[in-house]
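Let's walk through a structure together, one piece at a time. Keep the picture open beside the text and look for each part as it is named.

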Amino acid sequence: MELQHVNVKFLVSDPQSVDLEPLIPVFHRWIQGQVCEELLLDIADYRHVPEGPGVVLIGHQADYSLDNTNNRLGVRYNRKASLDGTNRDRFRQAACSALQACQRLEAEAALGGKIRFNGRDIDLFINDRMLAPNGEETRQRLDPELKVFFDTLFRGTAYSMTYDTDPRHLLGVSVRASQPFGVTDLIHNLVT
Amino acid sequence: MKASNALWKEHLAGKTPEDLAREVDIFDAEVALRKQGKLDERLFAETRLRRGVYGQRYDNGQRHDGAKVQEMNYPSGTLTKGPSTMWDAPGMQRIKIPAGGLDAGQLETLAELAEEYSDGIAHVTTRQDFQLHYVHIEDTPTIMRRLAAAKITTREACGNSVRNVTACPYAGTCRDEVFDVTPYAKALSKFLMGHPDCQNFGRKFKPAFSGCAQHACGLTSLHDIGFLAVTRQENGVEKRGFQVYVGGGLGAVPYMAKLFDSFVPVEEILPLTQAVARVFARLGEKRNRSRARIKFLVQDLGIEKFKEVVREERQTLPADPRWTSFLKDAEEFAEVPLRPGDETSSSGGERFKRWLETNTRPQKQPGYVVVTVALPLGDITANQLRSLADIVRKFTMETVRTTVEQNFVIRWVSRRDLPEIYEALDAVGLADPGAGTIVDVVTCPGTDTCKLGISSSRGLAAELRKRLAERNFQSDEAVENLHIKISGCFNSCGQHHIADLGFYGVSRKVGGYAVPHFQVVLGGEWEHNAGSYGLPVAAIPSKNVPKVVTRLTGRYVEGRNPGESFKDFIKRIGKAELKSLLEDLARPPAGDRSYFSDWGDPREYSLEDMGTGECAGEIVSSVEFDLGAAEREVFEAQLAFENGQIEQAGKTAYRAMLHGAKALVKIVNPAISDDADQIVIQFRKDYFDTQKFWDPFAGGKFAHYLFDAHQKAGTPHTSDSSRYLIDEAQLFIDAAHSCYNKLGSSVAV
């Protein structure tokens with residue numbers, strides 16, 4: 001099963017205290033500097049929508065956002081362009097991109113350190129119902145590959161996985177590590 | 001872009017209606033041909049537009065990032081999907097929803113598409129359509145296939161075609177309607193879709209249906225063709241028919257539709273519309289897009305001549321069984337409830353009570369209500385769409401519709417289910433009270449995504465919504481029920497002309513800096529199917545618009561007579577007082593740089609026009625003075641019009657245009673005389689022929705306003721012609737400001 005359009009979201013700590021307005025000029029600066037690998041194009045502001053996409057940095061190959069879907073605010077990477085390689089490569093690519101965005105946001109002086117990964121919670125989903133219909137069979141086939149990926153990410157630390165079983169939703173899993181990790185550690189775990 | 005596009009094609013083969021599938025296959029082939037360079041870009045542009053595939057802002061491959069213009073280096077390089085429209089640039093997909101009617105499965109399909117191909121949001125438009133933004137052209141055939149499988153089409157959602165047929169969303173439930181217009185609207189939509197007589201228009205053609213004259217819901221007065229339900233007795237039997245209106249339209253200069261016939265029997269509405277379409281295709285303007293809507297044809301011919309030509313055309317039509325084949329089903333058409341009706345009143349907390357007041361409306365059928373789901377700026381998430389699908393399945397026979405106020409209505413809700421449906425909606429953020437009130441601001445996409453946007457209508461709408469919700473007007477019904485509508489430019493997609501408080505985006509130069517502004521348009525009427533259009537009062541910097549709303553509503557509260565509507569109040573106090581009331585807000589405070597960016601967009605507005613250094617003072621050029629004087633003349637024309645001095649109003653509006661033109665001509669020829677012919681000749685030479693005065697999208701439209709007015713300078717004015725000329729003069733001067741901004745500060749100061 002070849003998966004594409006991997007989405008990864010790293011949930012932020014203390015989401016109630018996060019104000020998304022200061023994020024907008026930050027994303028504009030990212031476009032000015034084209035700081036990501038992807039071609040960055042525009043910003044979509046959905047702060048007015050409850051449990052919505054938040055503020056989205058639209059790119060050609062991928063979007064970045066501070067996404068509040070399901071009332072789970074996090075730094076989300078939405079891969080739109082296809083990628084070569086294995087599923088694991090694609091999980092790693094999406095997770096690394098999201099983590100690098102987290103790292104930039106954590107370092108942004110304008111945000112005052114308010115947007116920080118909570119250290120434990122990650123959502124991963126496949127934004128393509130044809131390639132990955134959300135059914136038991138797909139989940140069973142995907143599960144081993146995901147475990148290999150998260151074993152690598154957490155370097156043996158225990159974690160729990162909870163699948164979203166609503167067949168109308170995207171195939172997705174919420175993962176919670178048993179101990180907190182810093183963004184830099186997770187990047188390190190993925191690239192070495 | 002999506003890896004699964006080919007798989008969807010295979011998966012849905014044989015599962016979609018044959019005609020829709022064939023349509024999509026053709027478009028898919030055209031996408032492939034264009035990608036290979038085997039289809040001309042102009043031809044491809046028109047073909048995609050007719051499938052609802054629009055361009056979006058920055059799709060020319062350039063974007064001002066706040067510091068400089070960036071070239072977008074897309075992977076497909078210079079490949080285009082239309083003139084100056086890059087292949088890879090994100091675009092918009094418009095989806096037609098005839099009469100706004102949907103079922104739960106269709107809501108779920110829209111949710112999937114918003115999630116997989118867009119940015120997770122589906123947007124409801126002011127014509128009951130949906131729009132998905134940031135869509136890649138190569139995904140559009142798959143989107144269309146998946147929609148077709150849900151029996152939805154995007155065909156003729158854009159382009160020079162018959163657009164979505166809209167209808168009152170309360171049709172069939174409204175206590176004041178004459179009869180349910182739904183089946184007639186759907187029959188007309190089906191009949192006209194792809195009809196050979198509708199393929200050769202110079203511009204778009206928008207039909208609308210309403211069940212009554214007094215409410216706003218159908219907005220028939222502002223449509224190319226509008227149908228208003230009426231009945232009459234024939235041999236003791238009640239006969240259904242429609243009052244038919246033609247030639248309405250908003251756009252830059254709004255036209256009120258003219259009565260074509262006070263009673264067209266139902267069996268005649270399809271052939272009559274076909275005859276109108278044929279006349280429009282044959283006699284309508286084709287080359288000059290700015291005069292190609294049917295409203296200009298009706299105006300040029302006069303309504304009586306137009307009627308005569310259409311009636312002659314009607315006689316030539318070969319009979320078509322479709323004209324009447326829908327009638328039996330139409331007369332029997334009736335939605336049914338899922339649950340028994342109940343008149344028991346509900347109790348609950350304050351918020352629930354508030355929601356009951358503003359978001360529910362009793363149906364004519366006892367025990368049932370229509371529930372409005374108010375969407376902020378018309379936006380809804382994929383998860384909310386799925387939840388809405390669940391709710392309409394649980395409480396109704398999936399009777400849900402979109403509205404022209406960018407909301408949903410759920411029909412046939414049993415009154416006793418109200419607490420439960422409120423809870424269900426509230427759990428997913430869809431139970432905001434205030435539907436149809438001052439907080440329920442309507443807006444077009446504006447500079448967020450629209451290529452034509454001048455100011456950030458959505459940014460302003462979000463800000464106003466937030467502030468007005470905080471102010472809480474519940475105690476004052478007259479203020480609470482005002483309507484605010486915002487367009488990002490003069491094109492009126494936000495329907496600003498028919499709002500109590502309307503705004504449309506313009507730009508102005510202040511001390512050498514471009515500043516986003518909105519024209520304040522007052523005196524429009526939403527009720528009575530858009531009963532009257534407002535007139536511009538003043539251009540205000542974007543950041544001052546919330547103050548304008550506060551000041552105008554405050555002045556209304558203080559100064560109104562008992563029972564006086566806002567529209568009547570505005571008319572009574574007059575333009576002069578209004579202008580004076582807003583005068584101090586018309587210029588940004590010196591040194592406040594926040595005015596140089598727009599709501600929700602921190603980039604400095606049009607930085608190309610800015611010099612280095614801070615905006616320390618007000619440096620006003622002679623051009624700005626002259627344009628300001630021209631603007632004052634438009635205002636004087638408005639005052640004259642308001643006082644019934646029709647001839648003087650028309651002449652003053654024309655003079656304002658001449659002065660606006662002269663202001664620009666003086667840059668090239670400071671010695672230009674006051675002779676009108678000389679001004680127009682030199683303006684044509686220096687600004688029209690050189691295309692310096694051209695709008696990037698409207699082309700030479702605004703210059704033609706001057707040329708036409710100059711040509712007709714000696715002709716006496718009617719009320720209509722004077723009114724149109726005032727609007728045209730305002731737009732001409734807005735365009736003169738834009739032109740001056742584009743020329744750059746070096747010539748300006």
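A good place to start is a pair of residues: in β23(B), Tyr513(B) is the bridge partner of Val510(B). The model you are looking at is a predicted one. Between the two strands of this hairpin, β22(B) and β23(B), there are two residues. Gly511(B), in that hairpin, takes a positive phi near 55°. Follow the strands away from the turn, and you can trace 10 bridges joining β22(B) to β23(B), with the two running antiparallel.

Now stay with β22(B), which covers residues 501-510 of chain B. Is this strand mostly covered or mostly open? It is mostly covered, since nine of its 10 residues are buried. β22(B) also pairs with strand β21 (residues 484-487) of chain B, through four bridges, and this time the strands run parallel. To find that pairing, look for Lys485(B), whose bridge partner in β22(B) is Gly502(B). Strands of a sheet pair through backbone hydrogen bonds, either parallel or antiparallel.

Next, move to strand β6 (residues 91-95) of chain B, where five of the five residues are buried. In a regular strand the side chains alternate between the two faces of the sheet. Here, Gly91(B), Gln93(B) and Ile95(B) point one way, while Met92(B) and Arg94(B) point the other way. What are the neighbours of β6(B)? Strand β1 (residues 53-54) of chain B is joined to β6(B) by two bridges, running antiparallel, and strand β9 (residues 130-135) of chain B pairs with β6(B) in the antiparallel sense over four bridges. Gln93(B) helps you find both: Val53(B) stands opposite Gln93(B), and Gln93(B) stands opposite Leu132(B) in β9(B).

Another sheet in chain B is open and has five strands, in the order β7-β18-β19-β16-β15, with antiparallel pairing. β7 (101-102) and β15 (360-362) of chain B are at the edges; each has a single partner strand, so one side of each has no neighbour in the sheet. Within this sheet, β18 (residues 400-402) and β19 (residues 408-414) of chain B pair over three bridges, and Val400(B) stands opposite Ile410(B).

Now for a helix. What is the span of helix α19 (residues 566-582) of chain B, compared with a straight helix of 17 residues? The straight one would span 24 Å, but α19(B) spans only 17 Å between its end C-alpha atoms. Look along α19(B) and you will find a kink of about 95°, centred on Gly574(B). Several residues of α19(B) are buried, among them Phe566(B), Phe569(B), Lys575(B) and Leu582(B). The cover over its buried residues includes β23 (513-522), which you met in the hairpin, together with β24 (535-541), α18 (545-559) and α20 (622-642) of chain B.

Step back to see the two chains together. 34 residues of chain A are in contact with 36 residues of chain B. On chain A's side, the elements giving two or more residues are α1 (23-33), β2 (40-46) and β3 (54-59) of chain A. The residues on that side divide into 16 nonpolar, 10 polar and eight charged.

Finally, how far can you trust the picture? The model scores ipTM 0.98 and pTM 0.89. Chain B averages a pLDDT of 91, and 97% of the residues score at least 70. Over residues 607-620 of chain B, though, the pLDDT is below 50. Where pLDDT is low, the predicted coordinates should not be read in detail.

How values were computed. Residues numbered from 1 in each chain as written. Chains lettered and ligands numbered in written order. Predicted model: local features only at pLDDT ≥ 70, side-chain atom pairs only at ≥ 80, totals over all residues. Expected span 1.5 Å × (residues − 1). Bend = angle between axes of the 7 residues up to and from the residue. Buried ≥ 20, exposed ≤ 12 C-beta atoms within 10 Å, placed from the backbone. Contact = placed C-beta atoms within 7 Å. Nonpolar A, V, L, I, M, F, W, Y, C, P; charged D, E, K, R; others polar. pLDDT = per-residue confidence, 0-100. Pairing = 2+ DSSP bridges.
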